[in-house]
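Welcome! Have a look at the model below, then work through the exercises at your own pace.

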Amino acid sequence: MEGKKEIVLSGIRPTGFVHLGNYFGAIRNWVNMQTEFDCYFCVVDWHSLTTHPDTKELQTNVHRLMSELIGSGLDPEKCVLYIQSDVPEIAELYLYLNMMAYKGELEKTVTFKDKVRMQPDNVNAGLLTYPVLQSADILIHRAVKVPVGKDQEQHIEMTRNFAERFNHRYGDVLSLPYAFNYGSELTKVMSLDGIGKMSKSENQMNTLYLADDDDSIRKKIMKAKTDSGPTEPNSVKPDFIDGLFSLMKIVSKNDVVEKFESDFNNCNIRYGDMKKQLAEDMINFISPIRKRTEDIRKDENYMKRVMKLGAEKARENANITLQTVRNAIGLKYY
Ligand code: TRP
């Protein structure tokens, strides 16, 4: 019965603290997909080496991310939650897929060009073949749905191309994956200054992290830029105010949002009150996740068990694909 469900795979890099943008842009969707699909979620530590060669904090980052994913609602019993480097099968498939990827197309990839600009002194081959490794992540599990944001769609298209070339050459063994999102349900989380989305590269003061304690949440929100308010009824909101409203829509009750909307439209909004309310609602949202996460991370035995279980389940499924791939290529000598 499990096997009848469509296979889903997604990955997340262990390169920093999980913020609200990650949560609403990705993790919450993963949590919703767990029950409906056969889900694999992967902490992609090998990918992080392409941009973060210093591994001093890698272990801490991986442990924290694992606990944050579980604290956010991923259930290691319902999905396969694992660490990429625990599954050597991925590396072997990556090797075969490298022969399906052309240098020219890799060099033209948008994310590659961005990273070359960001780290001109470390344009390593791992960076160039990043989409090939990502393809191996996906194809090794025969995933057909890959929940990712817009910026990753090119990688999924490349994955289909590599898989099609492989199938064309060696026989129909790899499943073709498609980027998946819940469409309009994908919530954009604006940065606290209203300029762009919350992201890893943003200023920490403008980003809310799942690990933020109540005081930091309060401080960040109370510091957010406002002005003296509209003077004309039903004005268009400036970006920084619109950003605060959009955060409020995510964590506050409808009637609360409506009250401040109508205060804004009637030109009697008090931004101090609005931010206080937003801060408390945000704390009510984030702090249970933070507390669950901390409890999980402290329980070293549980963490170990979860990581081992995930690795076993992921390897078992990966091996099925890898055997077919080896046979298809003809790597069989005795
Ligand atoms: N490249 C993705 C990112 O930067 C992370 C990732 C690695 C991934 N492997 C994946 C996403 C496989 C989806 C499927 O966010």
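Here are three short exercises on this predicted model, each with a worked solution.

**Exercise 1.** Work out how the protein is built and whether its overall size agrees with that of a compact globule.

*Solution.* Start with the elements: the protein has 14 helices and five strands. Next, take the chain length of 334 residues, for which a compact globule would have a radius of gyration near 20 Å. The protein has 22 Å, so the two agree. Finally, the C-alpha trace spans about 80 × 45 × 40 Å along its principal axes.

**Exercise 2.** Find what share of the residues is buried, and what share of the contacts with a separation of 6 or more joins residues 24 or more positions apart.

*Solution.* Counting as buried those residues under 20% relative accessible area, we reach 48% of the 334 residues. For the contacts, the share is 77%. As for the outside, the protein exposes about 16900 Å², and carbon and sulfur atoms supply 49% of this area.

**Exercise 3.** Describe the surroundings of the ligand, beginning with the residues that come nearest.

*Solution.* Of 13 residues around the ligand, the nearest are Arg13, Tyr130, Gln134, Asp137 and Gln152. Now look at single atoms. Arg13 has a polar side-chain atom 3.3 Å from a ligand oxygen atom. An N or O atom in the side chain of Tyr130 is 2.7 Å from a nitrogen atom of the ligand, and for a polar side-chain atom of Gln134 the distance to a ligand nitrogen atom is 2.9 Å. Taken alone, the ligand exposes 370 Å², of which the protein buries 90%. Strand 1 (7-12) and helix 8 (130-139) each give two or more residues to the shell, with helix 8 supplying the largest share, four residues. By type, the shell holds six nonpolar, five polar and two charged residues.

How values were computed:
Residues numbered from 1 in each chain as written. Predicted model: local features only at pLDDT ≥ 70, side-chain atom pairs only at ≥ 80, totals over all residues. Heavy atoms only, no water. Near = heavy atom within 4 Å. Polar contact = N/O pair within 3.5 Å; in protein donor to acceptor, adjacent residues only side chain to side chain. Areas by Shrake-Rupley, 256 points an atom, 1.4 Å probe, with all protein chains shown as cover. Nonpolar A, V, L, I, M, F, W, Y, C, P; charged D, E, K, R; others polar. Rg over C-alpha atoms; globule rule 2.2 N^0.38 Å. Buried < 20%, exposed > 50% of the residue type's maximum accessible area, 1.4 Å probe, protein only. Contact = heavy atoms within 4.5 Å.
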